[in-house]
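This report describes the interior of one protein chain, its open and closed spaces, and one annotated region. Please look over the sequence and the structure first.

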Amino acid sequence: MTDLGTTPEASQAQERLSPLDAVHRAAGASFTDFAGWQMPVRYASDLAEHHAVRRHAGLFDLSHMGEILVVGPEASVALDYALAGKLSAIELGQAKYTLLLGRDGGVIDDLVVYRTGDDRYLVVANAANREVVADELRDRTAPFDAEVFDESDDVALIALQGPDAVDVLLETEGFGLQGPGNDHDDFVAAIQGLKYYRAVAAEYQGEPVLVARTGYTGEDGFEFYLAPGRAPALWEAFRETGGSRVVPCGLASRDTLRLEAGMPLYGQELGRDIRPDQAGLGRVVALSKEGDFVGRAATEDGRPADAPVLVGLAASGRRAARHGYEVFDGAGADAAKVGVVTSGALSPTLGHPIAMAFVDPAHAEPGTTLHLDVRGTRIEASVVPLPFYRRPA
């Protein structure tokens, strides 16, 4: 979390609550401040919540995320200019992971963009960057026939993640496809055929909900965008339908899940001083698309040869490096610092410490032995490819 230097009185005044806040408090959740929101960090056990997602299903409240609409006849070309990806190429109902770059090539935010109409896109931003992203999109799309609307306050977001997620969704009553008939059988067929990073316009209890096969855990799962007032009913329906298969999960388990899956977190693996290719995201920047886009020139120039790059690190034992811990090329007093850990934990799934770190390129080759300074003790670790974990096929 970022300390913005606010007073307790100011922090309380700025505190934002999820539409599911009462549900979380009734369930005994512990809370943390996240980008000005009071969000559940855990319910009972980080470890139990993590394992629930890997083995069955976990339920997450992500209503702090930003939802921004870009609409208009030139929405596609406007986003091609504003963002690093080629958004004009995605189909109706398709989603794309992309980046909002600065003119210097640094990452302002990482985004998921859904095409929800021929001239309509939903841009999902990180909670801390919502206003920055909306302002940047307004500025960048101004020359085009397109409008930008920050709809974040009118959208709740629930994620159901894990190998049992699809079964629980299909068993939950009240869903149908948008349009005449609102037929549940048609909804079931649509979900069964829904591919990863695709979405379908649906209804729950007669109200619109966008159901997307996306997530941030490394497991199969779904995300549900709906009106805030409908979120508690859907949350409780998943709990009731799933029974012991569905466990409410906080942000702590979400962090270890995404770390195992090698997924970057803005503010740790991504930031304004980090180029996409440093973080292993060079493929996300569509240099092959026609025309200019913000950050293109800097990206084409390439990163400096000595710029640190993101690697995975695996160690033995039980002592894990954390954000900010230093990385050395040896265990001795004369060893040189070659990097810094961005995220680290004792992996609940793998049973040993893992970390992501930015290190000097000369030490980034898989198999390289490095040493992590864990509270004054040097712990040997090996550079390994990301992700650490892949879900079974």
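Helices and strands are DSSP runs, of at least four residues (H or I) for a helix and at least two (E) for a strand, numbered from the N terminus. The model is predicted. Over residues 310-389 the chain is 0% helix and 50% strand, and the C-alpha atoms at the two ends lie 17 Å apart. An unreviewed UniProt entry lists residues 310-389 as "domain: Aminomethyltransferase C-terminal".

The largest nonpolar core has 33 residues. Among its members, F175, I191, V211 and F224 touch the most others. Helices α6 (165-171), α7 (184-192) and α8 (231-242) each give two or more residues to this core, as do strands including β4 (57-61) and β10 (156-161). Leaving aside residues up to four places away in sequence, I191 touches V166, L169, L170, V200, V211, R213 and F222.

Two spaces are set out below.

| Space | Volume | Nonpolar lining | Polar lining | Charged lining |
|---|---|---|---|---|
| Second largest pocket | About 530 Å³ | 14 residues | 3 residues | 5 residues |
| Largest cavity | About 30 Å³ | 2 residues | 3 residues | 3 residues |

The second largest pocket is lined by 22 residues. Nearest its centre lie T116, R120, L122, L210 and Y225. Strands β5 (66-71), β7 (107-117), β8 (120-125), β12, β13 and β14 each give two or more residues to the lining of this pocket.

In the whole structure, a search finds 1 cavity of 30 Å³ or more. Its lining consists of G105, R275, P276, D277, A298, T299, G302 and R303.

Technical notes. Residues are numbered from 1 along each chain as its sequence is written. This is a predicted model: local features need pLDDT of at least 70, side-chain atom pairs count only at pLDDT 80 or more; totals for chains, interfaces and linings use all residues. Side-chain values use heavy atoms; hydrogens and water are left out. A nonpolar core is a set of buried Ala, Val, Leu, Ile, Met, Phe, Trp, Tyr and Cys residues joined through side-chain atoms within 4.5 Å. Buried means under 20% relative accessible area, exposed over 50%, partly exposed in between (1.4 Å probe, protein chains only). Contact means heavy atoms within 4.5 Å. On a 1 Å grid over the protein atoms alone, a cavity is a set of points where a 1.4 Å probe fits but cannot get out, and a pocket is an open set with protein on both sides within 12 Å along at least five of seven lines; lining residues have an atom within 4 Å of a point. Grid points are joined across faces, edges and corners, and a volume is the space filled by probe spheres set on the points. Ala, Val, Leu, Ile, Met, Phe, Trp, Tyr, Cys and Pro count as nonpolar, Asp, Glu, Lys and Arg as charged, and the others, Gly among them, as polar. UniProt positions are given in the numbering used here, feature names are shortened, and annotations may be inferred rather than shown by experiment.
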